[in-house]
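Subject: Handing over the structure

Dear colleague,

I am passing the structure on to you below, with the sequence alongside. Please look it over first, and then read the notes that follow.

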Amino acid sequence: MMLEINGLVKKYKDFTLNCSMKVERGCITGLVGENGAGKSTAFKAVLGLISYDSGDITLMGKLPSELREAEKEKIGVTLAESGFSGYLKVKDIVPVMAAMYPGFDRERFLNLCRKFSIPQDKYIKEFSTGMKAKLKVLAAVTHNADFLLLDEPTTGMDVTARESILDLFREYMEEDEGRSILISSHISSDLEGLCDDIYIIHEGKIILHEDMDNLLNEYGLIKADDEQYARLDKEHILSVRRTPFGYECLTDQKGYYRENYPDIVVENGSLDEAITMMTGGERL
Amino acid sequence: MKIIINNSSMVPIYEQIMDQIKAQITAGGLKENDVLPSVRTLAKELKISALTVKKAYDNLEQEGYTVTVHGKGTYVAATNTERMREEQRREVETDLDNAVQKGRRCGLTDEEIREIFELIMED
């Protein structure tokens, strides 16, 4: 197990995070939710950047506060609201990275900077949002970490850049099967093609945990009019939402409904549907 | 190894992977002891979850098409021609069965269906 969070509670004046989750070795785990759902709070608690009220966090087999320097170097991080100083250039941060991380692969970092068109001789404050985001990711993946904690790493990137960055994560996992990634995003399609399992967080609570394979293959969206809805077996319905034409229902067994109700529309599920239905619908 | 995933298909992705690997084994494109890409590599290339690939590989192994050596990889198993023929035979049977059903639905007599069959076999 790379990371285990058990009953973590962090209370703010108007918000409470209360979550449990796991990241297994060799897995890419996704955390998805609306803005303010508690994703970043969870990341910060794991990294020991904020205190919390109760619960246990085990990171690489230890309490985060017990991790030694050499173990912390094995964690690669990108946080939503932090980055390199704007008064530095890429060529200035290379020695900083090398001093902080003995595993820093300078050549690879510089090659990737070239590949992702990040200038070495320009002040970071002059970078576009997307360039700053890319730079953070490149720094996180080039110091031979075993675990990447990535909070909204693709924010501000255009679609092509996002796809190449996601490929970079896939390559990172391919290089060593013991590695893990915990990644948050509010762009569902990013996570659908990347993650092995996914947690949906809403108002500080985990409302769904599912293997991505299951979610994409077994989940479905049933679209029924009032009459159809009335005779629908509700056994495998997770959530229901009223629509102008009747009801939309999220199921985790679309095959069952396709077989038994051939006249009712059952669409393939997607992460977006799961999120909107689980957060906006009425849970059964 | 070429695999094409159709994300809007009703066929689950792990089945699409299985079908295409089986077809390549049957057609001889993949031979005994050929090594399949690692789970992570295929997941990367197809942009899908590693668990989906693992499910496909596990099922292929259960059906005897591949052998997984822990820590080494997944290999194409010795071709079991008898089993493969059995499977192909079943497929032909299903197709023929469908044709007969269709004939009956259209109101053809069994005799007429047999005539069509004989006619096709003569070609």
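A good place to begin is the pair formed by A:E163 and B:K47, which make a salt bridge whose closest N and O atoms are 3.6 Å apart. Please keep in mind throughout that this is a predicted model.

That pair belongs to the contact between the two chains, where the count is 5 salt bridges between chain B and chain A. In general terms, side chains of opposite charge can pair when their charged atoms come close. The contact draws on 16 residues from chain B and 20 residues from chain A, and the area buried between the two chains is about 1500 Å², with carbon and sulfur atoms giving 46% of it. On the side of chain B, the residues B:R40, B:K44 and B:K47 together supply 45% of the area that this chain buries against chain A, which is more than any other three residues supply. B:K47 therefore appears twice in this account, as a partner of A:E163 in a salt bridge and as one of the three residues named for their share of the buried area.

Over all chains, the structure holds 24 salt bridges. One that lies within chain A joins A:R242 to A:D226, with the closest N and O atoms 3.2 Å apart. Because A:R242 sits in strand 11 (residues 237-243) of chain A and A:D226 in helix 9 (residues 226-230) of chain A, this pair ties together parts that are 16 residues apart in sequence.The packing of helices gives a second set of findings. In chain B, helix 1 (residues 13-26) and helix 3 (residues 50-62) have axes that come within 8 Å and cross at roughly 45°, which makes helix 1 of chain B oblique to helix 3 of chain B. The crossing of these two helices is right-handed. Helix 1 of chain B brings residues including B:I13, B:Y14 and B:I17 to the contact, and helix 3 of chain B meets them with residues that include B:T52, B:V53 and B:K55. Sorted by class, this contact of helix 1 with helix 3 of chain B has 9 nonpolar, 2 polar and 2 charged residues.

In chain A, helix 5 (residues 129-141) and helix 6 (residues 159-175) pack at an angle of about 10°, with their axes 11 Å apart, and helix 5 and helix 6 of chain A are therefore roughly parallel to each other. Their contact is made by A:K134, A:V137, A:L138 and A:V141 of helix 5, together with A:A161, A:I165, A:L168 and A:F169 of helix 6; by class, it has 7 nonpolar, no polar and 1 charged residues.

Also in chain A, the axes of helix 3 (residues 90-100) and helix 4 (residues 106-115) come within 11 Å and cross at roughly 155°, so that helix 3 of chain A is roughly antiparallel to helix 4 of chain A. Here A:V90, A:I93 and A:V94 in helix 3 meet A:R106, A:F109, A:L110 and A:C113 in helix 4.

With best wishes

Definitions and conventions
Residues numbered from 1 in each chain as written. Chains lettered and ligands numbered in written order. Predicted model: local features only at pLDDT ≥ 70, side-chain atom pairs only at ≥ 80, totals over all residues. Heavy atoms only, no water. Axes fitted to C-alpha atoms, helices over the stretch in contact; angles between N-to-C directions. Helix = DSSP H or I, 4+ residues; strand = E, 2+ residues; numbered from the N terminus. Parallel < 35°, antiparallel > 145°, perpendicular 65-115°, else oblique. Left-handed = near helix turned anticlockwise from the far one by under 90°. Contact = heavy atoms within 4.5 Å. Nonpolar A, V, L, I, M, F, W, Y, C, P; charged D, E, K, R; others polar. Buried area = accessible area lost by both parts, 1.4 Å probe. Salt bridge = Lys/Arg side-chain N within 4 Å of Asp/Glu carboxyl O.
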